Amino acid sequence: MRGRENWCLGRTNERRWIQRALSPPQQTRLLLIDGPPGAGKTTLARFAASWATHRGWQVFWARLELTPRGTHWRLSPDLPGFRGWLLGTPASHVRRGGPQAEDHVEKGPSDLSAPPILPTPGLVVLEDVHRADEGTLERLRQLHEGQDPLPLVVLMTARRFPVPSQLRTLRRLLAEDANLSLGPLPEPVLRALAEQQVGGALGPQLKARLSQAAGNPRLVSEFLDLLHRRGLLVFTTRRHPKATSVDIVSDLPRELWEELAERAWDLSAETRHWLKLASAFGSEFGLGALAQLTGRHPAELLILLEESLAAGVLEERGDKLAFGSELYRQALYRSLPAALTAELHREAAEVLKALGAPAEEIGRHIRRAAQSGPQPEAVAWLRKAASELARFSPKEAAGLMAKSVAISSSSQPDFPELLADAAAAWVAAGEIGEAEQLCRQALAHVVDGEQRGRLRRYLIEALVHRCQIGLAAQTLEEAEAELTQGGEQRPSFEAATALVQFLRGETQDLAQEVQRIKAKSLEWGDSVAISRSLLVEALLRERQGDLGAAASLAAQASAYAANSSNRLPPDPLPCSAQAMFLVDLDRFDAAQALLRRQVLPQHGWWPFWRFIVGFSYFWSGAWTQAAREFEVGMDEALRRSIGWRVAARGLYALIRYSRGDRSLAREWIALADAEMAGGDHGYRAGWLTLAKIVIADAEGAVEEAAGWAAHAAQWGEDGGVWATLGPWVIRCMRRDQRAEMGSKVISRLEGLAVRSPTALGLHAALQMVRGLMEDDAVVLEQAAMSYAQAGRPFEQAFACAEAAWSYAYRGAEEQAREHLKTSLGCYRELGASALAARTQDRLAALGVRLTSRRARPTSGWDALTSTELRILRLIAERRTNPEIAQDLAISRRTVETHVSHLLSKLSLDSRWQLAEEAAQHFGWRLALEETSDF
């Protein structure tokens with residue numbers, strides 16, 4: 001392995017600083033290099049000495065050496081007169097525990113020797129001046145003040161902590177360009193240094209280890225040296241003789257870590273002992289947690305850890321202490337005996353639990369205790385911790401249970417119960433594929449009827465989340481045969497049966513059955529069953545079109561789920577239904593806020609929550625955000641085997657097609673069809689049908705669009721879907737179908753509008769359908785205005801296009817052109833270029849074309865854009881820039897830019913003049929009183 005002679009790599013700027021600073025001096029000049037241990041201070045000092053030697057300078061090197069009498073300076077070459085002049089007497093000592101009177105001799109400036117005569121410029125390197133005595137630091141200050149004009153450069157190195165007060169004073173006296181602070185090396189430079197030392201390219205494992213060195217070259221060098229000496233480097237030579245790859249073995253021995261912990265920093269054995277205990281907490285830890293773990297007072301611990309803070313091994317990070325280098329922390333941690341490690345983690349988990357630490361942090365210690373401890377105790381620890389963490393951190397609880405299953409044997413008596421607990425944890429964590437597999441595995445081992453019923457309930461939950469309603473119904477039938485009539489799980493099973501019946505479309509007499517189940521669940525006090533029965537009741541109300549009542553019932557179901565005595569986290573389905581109904585009621589922001597409130601910090605999003613957020617973005621016109629939510633949610637849903645994907649696939653396909661990506665749109669529609677054929681319930685599948693209708697219409701496939709429209713009109717889909725689907729069904733039906741189907745669609749929308757009076761989208765859809773059936777341009781125009789009021793730009797664009805078509809058919813080209821402009825504007829804001837082009841082509845067939853845009857003047861009132869006019873009105877209303885930015889949902893800087901353009905275009909000088917001119921030009925009534933912030 002190569003040496004370290006080139007370890008100034010990556011310090012190009014620092015070497016240039018040294019070269020500039022070592023210009024031939026006329027009098028004594030002081031330079032200081034500071035930085036953490038191992039940052040390369042000594043290496044740069046050697047570079048300075050080499051550079052000065054090549055130019056004929058005299059070079060002296062002084063370092064502090066430890067002797068039985070304390071620490072003292074040793075100067076090389078040893079020139080007694082020069083020593084006395086520069087450093088005081090050789091007998092001046094620095095003691096860690098304080099100097100003894102007989103060992104300490106102080107000399108004032110009057111006792112120092114006269115300055116020697118240097119025939120050439122000189123360089124003196126003083127290492128670790130943070131350990132120097134007060135006499136030396138005082139002498140350095142005098143030299144800086146120029147009392148002895150000797151052509152000499154004194155280059156000092158020091159650590160940043162601890163720094164004596166006199167050294168801080170000296171540092172402040174130095175010029176800014178006389179102090180060089182070293183930081184960590186960038187990771188690419190550190191890798192280059194390592195490759196230079198080992199003589200080859202770094203393999204992935206070695207590269208990963210060195211990335212933990214926090215940019216410290218000394219730590220990297222020590223680590224590589226130990227690996228080389230112990231024969232733990234693996235060299236792989238490829239065809240090219242210089243293409244050598246160097247990696248490490250997968251499992252490094254404990255002895256290597258022990259030696260690295262001792263060699264990396266000059267720390268006492270006692271300090272290393274406390275650091276090893278602290279390393280069990282991870283990269284950072286609280287002093288209180290370490291104090292409870294060790295039974296020491298925090299103030300006492302801080303004194304014991306002061307040496308590590310001084311060495312830079314630890315650093316302050318907020319209210320915690322943190323290891324500066326993860327590689328060194330790993331060295332300390334891996335040098336602990338395995339049995340001690342397990343006990344430390346178990347006790348650390350108890351300490352963190354008492355301190356209220358995050359659940360995932362506690363679970364991490366429990367898992368590590370299980371990896372190192374005896375198996376029976378480890379399983380017990382894991383199950384206990386998972387039970388306590390399940391409601392607050394289901395993902396962490398699932399991980400603990402998975403670990404307990406992995407280290408258990410199927411021959412153990414409690415193994416079936418362990419599998420059941422693990423299945424429950426995975427269902428709660430939303431890892432549905434793993435949960436279903438565990439449930440089926442456990443059913444093969446469990447004999448007890450109560451446990452089998454519990455497992456089948458978890459399996460039904462998993463199948464419902466997968467949207468495999470047929471399989472869920474089959475599992476319910478199997479469970480029914482094993483349940484006793486009065487068993488405590490009976491209400492939960494009956495509520496689950498009601499939900500499955502609804503999702504299968506078996507709604508006859510279901511409302512009365514749900515009321516019976518709810519009454520029975522209240523009698524039993526089963527909050528899970530109450531929540532599910534309320535959810536089914538809400539879904540029935542939605543089907544009837546009473547969206548307000550549906551949202552209220554879903555909110556009650558969410559409250560029961562949240563207040564359940566069950567150890568598991570709340571059921572996500574009631575919250576999902578409530579958010580979906582809010583979207584139907586055009587309350588898009590409220591739906592998003594509800595879901596964000598429900599997200600547990602350690603739980604995260606259920607994928608179908610992301611789909612619902614995507615739905616709200618889609619209908620409110622934020623298609624870019626909607627596409628992102630659909631993509632992220634779909635990836636998560638596929639990874640976790642969660643269903644309810646059909647509607648999201650349909651709307652995402654519509655976005656992609658509208659933006660020109662036809663192949664991806666068709667791919668997502670094909671995947672949605674395959675999922676429905678594979679058993680997916682297809683909740684809100686009307687939106688997939690909508691996508692098929694719109695795409696077929698945009699491509700001119702009239703018969704295909706009519707076929708999908710006729711298909712959609714036959715089934716009674718959920719109420720909220722018809723706010724968009726209804727008008728498209730009528731628009732794309734054949735003429736011979738419209739009379740019969742149109743009356744059915746109008747009747748359905750009338751019932752929905754009556755039962756949900758606040759759902760503006762449904763009222764707009766009713767107007768739209770009537771306008772299409774009667775070919776009434778005025779009614780279509782009113783529908784477009786209602787859609788705009790509801791905040792639904794996609795439907796507004798569609799309604800405006802139909803109104804334009806109706807006006808054009810009657811020869812009213814001017815009105816047609818105005819509505820066409822509005823429709824195209826909406827489509828362009830959505831980024832739906834393909835739909836905009838299709839709309840333009842349809843109206844062009846009737847002779848309606850937009851004229852070329854007149855060039856806007858560059859000055860005067862006609863030069864103002866619509867946004868500038870809105871800002872001008874707000875200025876006239878005495879609104880400040882921050883208020884305008886908030887009202888228009890733009891940045892403050894954007895407002896400032898628009899105000900500047902207004903002043904320039906109108907040749908005015910102030911906001912006052914803008915307000916006065918606007919009042920005269922537009923006849924606005926303005927309050928022009930003096931205000932301080934105008």
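Buried means under 20% relative accessible area. In this predicted model, helix α4 gives an example. The helix covers residues 134-144. Its buried residues are Thr-136, Leu-137, Arg-139, Leu-140, Gln-142 and Leu-143. Just after α4 comes Gly-146, with a positive phi of about 80°.

The protein chain as a whole has 934 residues, and 54% of them count as buried. Its secondary structure consists of 45 helices and 12 strands. The chain exposes about 41400 Å². Carbon and sulfur atoms supply 49% of that area. Contacts were also sorted by separation in sequence. Among those with a separation of 6 or more, 66% join residues 24 or more positions apart.

Confidence varies along the chain. The mean pLDDT is 80, and 86% of residues reach 70 or more. Helix α31, residues 646-658, has the highest confidence, at a mean of 93. Strand β3, residues 70-76, has the lowest, at a mean of 70. Outside this ranking of elements, residues 89-112 have a pLDDT below 50. Beyond near neighbours in sequence, this stretch has 36 contacts in the model. Residues 925-934 also stay under 50. For them the model has 19 contacts beyond four places in sequence.

Asn-881 was examined in its surroundings. This residue lies in helix α43, which spans residues 881-888. The relative accessibility of Asn-881 is 15%, so the residue counts as buried. The cut-off behind that call is 20%. Leaving out residues up to four places away in sequence, Asn-881 touches Val-895, Glu-896, Val-899 and Arg-911. With Arg-911, there is also a polar contact between the two side chains, at 2.7 Å.

The cysteines were checked for disulfides. A disulfide requires a pair of cysteine sulfur atoms within 2.5 Å. By this rule, the count is 0. Cys-826 shows how the rule applies. The nearest cysteine sulfur belongs to Cys-800 and is 5.8 Å away, and Cys-826 is in no disulfide. Cys-826 has a relative accessible area of 8%, and therefore is buried. Cys-575 is buried too, because its relative accessible area is 3%.

How values were computed: Residues are numbered from 1 along each chain as its sequence is written. Side-chain values use heavy atoms; hydrogens and water are left out. Helices (H or I, at least four residues) and strands (E, at least two) are DSSP runs, numbered from the N terminus. Buried means under 20% relative accessible area, exposed over 50%, partly exposed in between (1.4 Å probe, protein chains only). A polar contact is a pair of N or O atoms within 3.5 Å; within protein, one must be able to donate a hydrogen and the other to accept it, and residues adjacent in sequence count only if both atoms are side-chain atoms. Contact means heavy atoms within 4.5 Å. pLDDT is the predictor's confidence in each residue, from 0 to 100. Accessible areas come from the Shrake-Rupley method with a 1.4 Å probe; for residues, only the protein chains shown count as cover.
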